[in-house]
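Reader: I am in my first year and would like a close look at a single part of this protein, namely its salt bridges. Could you take me through them slowly, and then set them in their surroundings?

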Amino acid sequence: MPNTLNPLELIARRWQPSAAFVRRAALATVVMAVIIVVTGGAVRLSQSGLGCSTWPKCTPDSLTPTAAMGINGLIEFGNRMLTYVLCAVVGLFIIAARARHPRRRSLTRLGWAQFWLVMSNAVIGGVTVLTGLNPYIVSSHFLAATALLTVAVLSWKRASEGDEDPRDLVARPARQLAWLLVAATGALTVIGTVVTGTGPHAGDAKKVHRIPLDWQEITQLHVDFVYIVVGLSVALWFTLRAVKAPAAPRRMLLELFVCIAAQGVIGYVQYFTGLPEIVIGLHMLGSSLVWIWVLRVCLSLRDRGPLQEEDPGRPAPSAAHEAPEPQAASALSR
């Protein structure tokens, strides 16, 4: 029987992207994940959460918004269309990672993980509309986007390093402190979604169900966790200095301080100015940047060896095409 190759296998036989291209593709997924978070916030803050009244269509009779739906319909539908852009960027990363030689299954698995997170979050977004902006579903929608951002950052990091077993660059207690910082920042993010679910910006001009908690008390808890994150960051800074950590993680930690400081200023401004929409949007952007840098700091404390830039033994693409492999593995394993 003749061998059958899936499209990823065919592309891999004809195209050899550089390691730098794969890294840029991975970075592009990070950028798009941040854009999705910010534009999703813009939908809520512009009261366009129900700009399209149903899902997957925009209205029961139309796939796209109608003139009668106004700007809110365009904003909601535009955010839906960004999902296709995100899929295209993630798809490019999957293809580039698969075509890169030597093959790194860990990278393509991370790419496919991003794809399925995008698909699951699209479904959650649809459920959000169908349930009339239920605040618990809205919170899970944001957390799914944060999970996508997490995997994108990990993909970006893995695209820049080798595949050796992880080796600690600092003493284990320092790494444990970094993981505690990640956990505290994750809790801060979750509490932030609860603040959103209790706050005044429900996502639509009509009355929308809110989480039955006191908004100011939840906000205070959110602020308390900000102080915990700041304290852990400072503690990690002194710990890295004490154990003479490499310069790269210490530099990233300083960059994290800048993100936290900016986010703190934005947070206080939005609280004392009555929660203006533009400032809340900046706060969502800041939340994404803080999370990215916390992950980068933690991941910088271990080493997986140098990236193998090229494989001298790989035949030219044309030769590889003339002598195909006996059997192609599944797309997910690549």
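Author: A salt bridge is here a side-chain nitrogen of Lys or Arg that lies within 4 Å of a carboxyl oxygen of Asp or Glu. The model you are looking at is a predicted one, and by this rule the count in it comes to eight salt bridges.

Let us begin with the bridge between D163 and R104, whose closest N and O atoms are 3.0 Å apart. D163 belongs to the loop between helix 5 (135-158) and strand 1 (167-168), while R104 belongs to the loop between helix 3 and helix 4, so the pair ties together parts that are 59 residues apart in sequence. The two partners also differ in their cover: D163 has a relative accessible area of 45% and is partly exposed, whereas R104, at 9%, counts as buried, because the cut-off for buried is under 20%. Neither residue stands alone, since R104 and D163 are linked with R158, E161 and R302 in a network of salt bridges.

A second bridge, which can be set beside this one, joins the side chains of R80 and E76, with 3.0 Å from N to O. Here both residues lie in helix 3 (residues 70-99), and they are four residues apart, about one turn of the helix. R80 counts as buried at 13% relative accessibility, and E76 counts as buried as well, at 7%.

A third bridge is formed by R175 and D168, and its closest N and O atoms are 3.0 Å apart. R175 is buried, with a relative accessibility of 13%, but D168 is partly exposed, with a relative accessible area of 26%.

Charged groups can also meet rings, and one case is R296, whose charged end sits over the ring of W293 at 5.2 Å from the ring centre. Rings meet one another too, for the structure holds six aromatic pairs. In one of them, the rings of F115 and W116 have centres 5.0 Å apart and planes at 75°, so this pair is edge-to-face. W116 is exposed, at a relative accessible area of 52%, and F115 is partly exposed, at 22%. Another pair, made by W215 and Y271, is stacked, with 6.1 Å from centre to centre and 20° between the planes. W215 lies in helix 7 (residues 215-242) and Y271 in helix 8 (residues 247-272), so this pair ties together parts that are 56 residues apart in sequence. Both rings belong to one aromatic cluster, which W215 and Y271 form with Y268 and F272.

For the wider setting, the secondary structure of the protein comes to ten helices and two strands, and from the N terminus on the elements run α-α-α-α-α-β-α-α-α-α-β-α. Of the 334 residues, 44% count as buried. Among contacts between residues at least 6 apart in sequence, 79% join residues at least 24 apart, and the bridge between D163 and R104, as we saw, ties together parts that are 59 residues apart. The accessible surface comes to about 16,600 Å², of which 67% belongs to carbon and sulfur atoms, and on the surface W55, V123, V127 and L130 make a nonpolar patch of about 320 Å².

Terms used
Residues are numbered from 1 along each chain as its sequence is written. This is a predicted model: local features need pLDDT of at least 70, side-chain atom pairs count only at pLDDT 80 or more; totals for chains, interfaces and linings use all residues. Side-chain values use heavy atoms; hydrogens and water are left out. Rings of Phe, Tyr and Trp (its six-membered ring) pair if their centres lie within 6.5 Å; planes under 30 degrees apart count as stacked, over 60 as edge-to-face and the rest as tilted. Buried means under 20% relative accessible area, exposed over 50%, partly exposed in between (1.4 Å probe, protein chains only). A charge sits over a ring if NZ of Lys or CZ of Arg is within 6 Å of the ring centre and within 35 degrees of the ring normal. Patches are made of residues with over 30% relative accessible area and no salt bridge: like charges are joined within 9 Å, nonpolar side chains (Val, Leu, Ile, Met, Phe, Trp, Tyr) within 5 Å. Accessible areas come from the Shrake-Rupley method with a 1.4 Å probe; for residues, only the protein chains shown count as cover. Contact means heavy atoms within 4.5 Å.
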